Amino acid sequence: MAVEVTWWGHATCTVEDSGVRVLTDPLFAGRLAHLRRRRGELPPPAAAVADAVVVSHLHSDHLHLPSLARLSPGTRLIVPRGARRAVPGLRRLDGLRIVEVAPGDEVAVGDVRVRAVPAAHDGRRLPVGPHRSPALGFVIHGGARTYFAGDTGLFDGMAAEVGPVDVALLPVGGWGPFLGHGHLDPERAARALAALGPRSAVPVHYGTYWPIGMDAVRPHEFHSPGDEFVRKAARRAPKVAVHRLAHGESVRPEVFR
């Protein structure tokens with residue numbers, strides 16, 4: 001059975017598999033604090049329609065309360081353990097079915113299972129949140145196995161923790177001119193791809209938001225990560241089909257060997 005991936009920008013994707021729609025890290029804002037959406041139209045209302053939503057960590061560009069408020073009542077919202085305590089606003093989203101998970105936990109959604117896996121990233125609610133909630137990735141098990149990495153750096157045992165996957169949604173950039181620890185740039189993402197060995201990959205988390213007033217500061221860091229990842233992946237993981245999507249574009253990647 002085919003899986004379809006739609007990239008809405010930043011880390012927001014819809015993964016449709018076995019009749020189940022899973023939405024990742026929804027961010028439906030033209031502006032967030034000092035960040036402005038500089039590429040791609042805002043996702044349409046249909047983008048907020050999902051059977052389940054996964055949130056990889058508590059940073060406000062990944063756990064965005066106004067975007068979560070757009071979800072339909074009854075939507076399953078899968079968040080890191082401790083999220084409701086760290087982000088009190090989640091408790092006001094009383095129409096959602098919130099499930100807190102840690103690495104290794106699984107949640108069944110129709111014919112799909114969503115498994116939480118570790119990520120190497122500061123997962124707390126910034127700027128002052130306590131280190132109580134892990135950053136996570138997720139593997140969506142349906143007709144295919146789709147890995148959404150969230151935000152992560154490379155870490156020992158990454159491929160073993162994630163397990164076999166068919167499609168990898170990997171972050172390849174960020175929203176500022178410099179990437180700190182706990183992130184993948186195009187080179188590190190290509191190395192992760194080689195270790196994971198999926199059939200297909202989609203680069204995400206780049207080319208959408210940029211700090212206001214910094215348009216002229218290292219602009220290549222905004223525009224180029226997707227193309228750089230395609231080139232570096234071709235060298236490090238030549239058997240993987242990489243699909244560089246435009247905002248709002250969908251793909252049905254080949255998943256079976």
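Here a trainee and a mentor talk through a predicted model.

Trainee: Which helix gives the most to the largest nonpolar core?

Mentor: Start with the core itself. It has 50 residues. Phe-138, Tyr-147 and Leu-169 are among those with the most contacts inside it. Five of its residues come from one helix, residues 186-196, and that is helix α4.

Trainee: How many residues are in the second core?

Mentor: This core is separate from the largest one. Its members include Val-53, Val-55, Val-79 and Leu-96. The count is 20 residues.

Trainee: Which are the edge strands of the open sheet?

Mentor: Three strands form this sheet, and their pairing is antiparallel. The order is β4-β5-β15. An edge strand here pairs on one side only. That gives β4 (31-32) and β15 (209-211).

Trainee: What is the bridge partner of Leu-32 in β5?

Mentor: Two bridges join β4 to β5, and these strands run antiparallel. Strand β5 covers residues 35-37. The partner of Leu-32 there is Leu-35.

Trainee: Is Ser-56 buried or exposed?

Mentor: Ser-56 sits in the loop between β6 (52-54) and α1 (65-68). Being in a loop does not settle the matter, so look at its relative accessibility, which is 0%. The cut-off for buried is under 20%. Ser-56 is therefore buried.

Trainee: Which side chains make polar contacts with the side chain of Ser-56?

Mentor: One contact spans 2.7 Å and leads to Asp-25. Another spans 2.9 Å. That second partner is His-57.

Trainee: What separates the C-alpha atoms of Gly-137 and Ser-56?

Mentor: Gly-137 is found in strand β11, residues 136-141. Gly-137 is buried, at a relative accessible area of 0%. Along the chain, Gly-137 and Ser-56 are 81 residues apart. Their C-alpha atoms are separated by 5.9 Å.

Trainee: Why is the pair of Trp-7 and Tyr-206 stacked?

Mentor: The count comes to one aromatic pair. Its ring centres are 5.3 Å apart, and its planes meet at 15 degrees. Planes under 30 degrees apart count as stacked. So the value that decides it for Trp-7 and Tyr-206 is 15 degrees.

Trainee: How many residues apart in sequence are the parts tied together by that pair?

Mentor: Trp-7 lies in strand β1, residues 3-9. Tyr-206 lies in the loop between β14 (200-204) and β15. Both Trp-7 and Tyr-206 are buried. The parts they tie together are 199 residues apart.

Trainee: Where are Arg-84 and Glu-100, which meet in a salt bridge?

Mentor: The structure holds 10 salt bridges, and in this one N to O is 3.2 Å. Arg-84 is partly exposed at 32%, and Glu-100 is partly exposed at 26%. The two are 16 residues apart. Arg-84 is in helix α2 (residues 83-86) and Glu-100 in strand β8 (residues 97-101).

Trainee: Which residue forms a salt bridge with Arg-188?

Mentor: Arg-188 is partly exposed, with a relative accessible area of 24%. Its partner is partly exposed too, at 22%. The closest N and O atoms are 3.3 Å apart, and the partner is Asp-185.

Trainee: Which residues are linked with Glu-187 in a network of salt bridges?

Mentor: Glu-187 in helix α4 and Arg-236 in helix α6 are 49 residues apart. Their closest N and O atoms are 2.6 Å apart. Arg-236 is partly exposed, at 41%. The network links Glu-187 with Lys-232, Arg-235 and Arg-236.

Key
Residues numbered from 1 in each chain as written. Predicted model: local features only at pLDDT ≥ 70, side-chain atom pairs only at ≥ 80, totals over all residues. Heavy atoms only, no water. Core = buried A, V, L, I, M, F, W, Y, C linked by side-chain atoms within 4.5 Å. Buried < 20%, exposed > 50% of the residue type's maximum accessible area, 1.4 Å probe, protein only. Helix = DSSP H or I, 4+ residues; strand = E, 2+ residues; numbered from the N terminus. Pairing = 2+ DSSP bridges. Polar contact = N/O pair within 3.5 Å; in protein donor to acceptor, adjacent residues only side chain to side chain. Phe/Tyr/Trp six-rings, centres within 6.5 Å; stacked < 30°, edge-to-face > 60°. Salt bridge = Lys/Arg side-chain N within 4 Å of Asp/Glu carboxyl O.
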